[in-house]
Amino acid sequence: MRSPCPEPGRGAHALDQADPLARFRAEFHLPPGRIYLDGNSLGLLSRRAETHLARVLGEWRTLGIDGWTDASPPWVTLSETIAAQLAPLVGAAPDEVAVTGSTTTNLHQLLATLFDPAGPRRVIVADELNFPSDLHALHSHLRQRGLDPAQHLRLVRSRDGRTLQPADILAALTPDVQLLVLSLVQFTSGQLLDAATLTREAHARGVLIGFDCSHSLGAVPHALDADGVDCAFWCSYKYLNAGPGAVGGLYLNRRHFGRAPGLAGWWGVRPDRRFALSDRHEPAAGAAALHLGTPHLLSLAPLQGSLELIAEAGGIAPLRAKSLAQTAYLMGLVESDLAGHGFTLINPRADAARGGHVTLAHPDAWRICSALKAAGVVPDFRPPDMIRLAPAPLYTRFADCAVAVDRLKEIMVTKAHESFPATRPLVT
Ligand SMILES: *Cc1c(COP(=O)(O)O)cnc(C)c1O
């Protein structure tokens with residue numbers, strides 16, 4: 001069925017040969033026989049992540065409870081060890097980062113800690129394109145605080161259903177607004193917002209700002225401190241490759257240090273007082289006060305390996321450079337090779353406005369995704385009509401991008417997708 005692909009894509013091999021990150025591909029377990037373009041949904045397992053997980057399992061096996069103190073590094077401070085590794089990726093000091101929880105629980109914690117329901121400003125602004133879990137958290141948080149989301153949650157509308165206009169976001173920041181919560185990169189269109197400008201403009205209006213960095217961390221640089229962002233939160237199973245359900249993280253700007261954690265737990269107590277097991281909560285310094293319970297060591301350990309690899313690759317700058325080159329290359333092939341087949345590129349084109357993935361809209365997106373997967377390329381479908389292609393820079397080749405577009409073209413030409421069910425089953 002599939003035509004052989006002796007020379008995939010224009011110039012793919014030359015680009016791969018010149019790729020300074022090429023050697024990192026061998027550090028990953030690649031699904032056999034597949035081209036994996038879904039690293040923005042679940043990053044792949046690296047040998048390094050596996051090594052660190054195996055280390056912790058070994059320590060558990062041989063040390064039992066003593067692993068908390070005698071493991072190397074000790075489990076009791078592993079979250080802090082990893083926070084220090086991760087801080088450069090978000091542009092923060094280590095004590096402003098807590099490696100804990102999940103995207104959703106961290107948003108809840110930051111709202112509980114920063115949002116004041118009693119002041120004159122009681123509106124939270126978010127946007128209608130955000131990931132549902134963030135919106136669920138915002139709704140339920142307002143209800144917890146006795147506020148009606150119908151009045152106190154304002155969602156910025158998207159003019160095209162795909163992207164946000166900065167002017168529309170700023171127009172929503174009226175004097176009753178206390179907090180603005182946005183995704184730095186939209187999970188659908190891949191739109192990258194300008195954190196520096198939005199933060200400056202929000203602050204000029206007396207509004208706090210927080211970013212969900214789930215789709216940006218590991219794909220684009222962050223300068224949360226330099227930009228003056230108030231808080232941020234993320235998961236680490238996407239571009240950080242830390243594994244399904246891995247421990248996420250949060251950022252709290254040091255200007256907010258010293259506030260009582262909204263949700264308090266014993267792991268947020270000062271380390272030297274934690275094991276005093278006092279019923280008085282004495283918060284740890286910095287973002288560590290927002291920890292809740294015992295760290296999830298087994299889903300923390302792989303993150304250490306992933307971050308080690310990113311550091312060896314030279315940090316986020318070379319990853320971003322390759323990611324931009326690959327998404328640009330993909331967009332070029334889509335425009336030249338898939339013209340006339342009903343696809344629309346909906347991600348922003350400008351480097352400064354696009355994250356790590358390319359999004360194609362097509363009325364038949366679900367069937368095309370099914371056919372593409374059957375043809376050995378793993379894309380990602382988002383309802384109602386989006387196909388996301390993410391060339392994760394540590395393990396994707398330019399040739400992979402070229403083959404993906406070749407296969408897409410072949411599917412459209414042969415109508416191979418028409419033999420797949422037209423709608424997505426309810427549970428997948
Ligand atoms: C992936 C993602 C999430 C996932 O939340 P979890 O609590 O980690 O399941 C939330 N928000 C955004 C914007 C995401 O991209």
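This briefing covers a seven-strand sheet, a smaller group of strands, and a helix beside them.

This is a predicted model, where local features need pLDDT of at least 70, side-chain atom pairs count only at pLDDT 80 or more, and totals for chains, interfaces and linings use all residues. Residues are numbered from 1 along each chain as its sequence is written, and side-chain values use heavy atoms, without hydrogens or water. Helices (H or I, at least four residues) and strands (E, at least two) are DSSP runs, numbered from the N terminus.

**The open sheet**
- Seven strands line up as S2-S8-S7-S6-S5-S3-S4, with mixed pairing; strands pair if DSSP finds at least two bridges between them.
- S2 (97-99) and S4 (153-156) are at the edges with a single partner strand each, so one side of each has no neighbour in the sheet.
- S6 (residues 208-212) and S7 (residues 231-234) run parallel over 3 bridges.
- Phe 211 has Ala 232 in S7 as its bridge partner.

**Strand S10**
- Val 358 and Leu 360 on one side, and Thr 359 and Ala 361 on the other, are all buried (under 20% relative accessible area, 1.4 Å probe, protein chains only).
- In a regular strand, side chains alternate between the two faces of the sheet.
- S10 pairs antiparallel with S13 over 4 bridges, and Leu 360 stands opposite Ile 387 in S13.
- S9 (residues 344-345) joins S10 through 2 bridges, also antiparallel.

**Helix H14**
- Of the 10 residues in H14 (residues 365-374), 8 are buried, including Trp 366 and Arg 367.
- Their cover includes S11, S12, S13 and helix H15.
- Gly 376 follows H14, with a positive phi near 95°.

Notes. Buried means under 20% relative accessible area, exposed over 50%, partly exposed in between (1.4 Å probe, protein chains only). Contact means heavy atoms within 4.5 Å.
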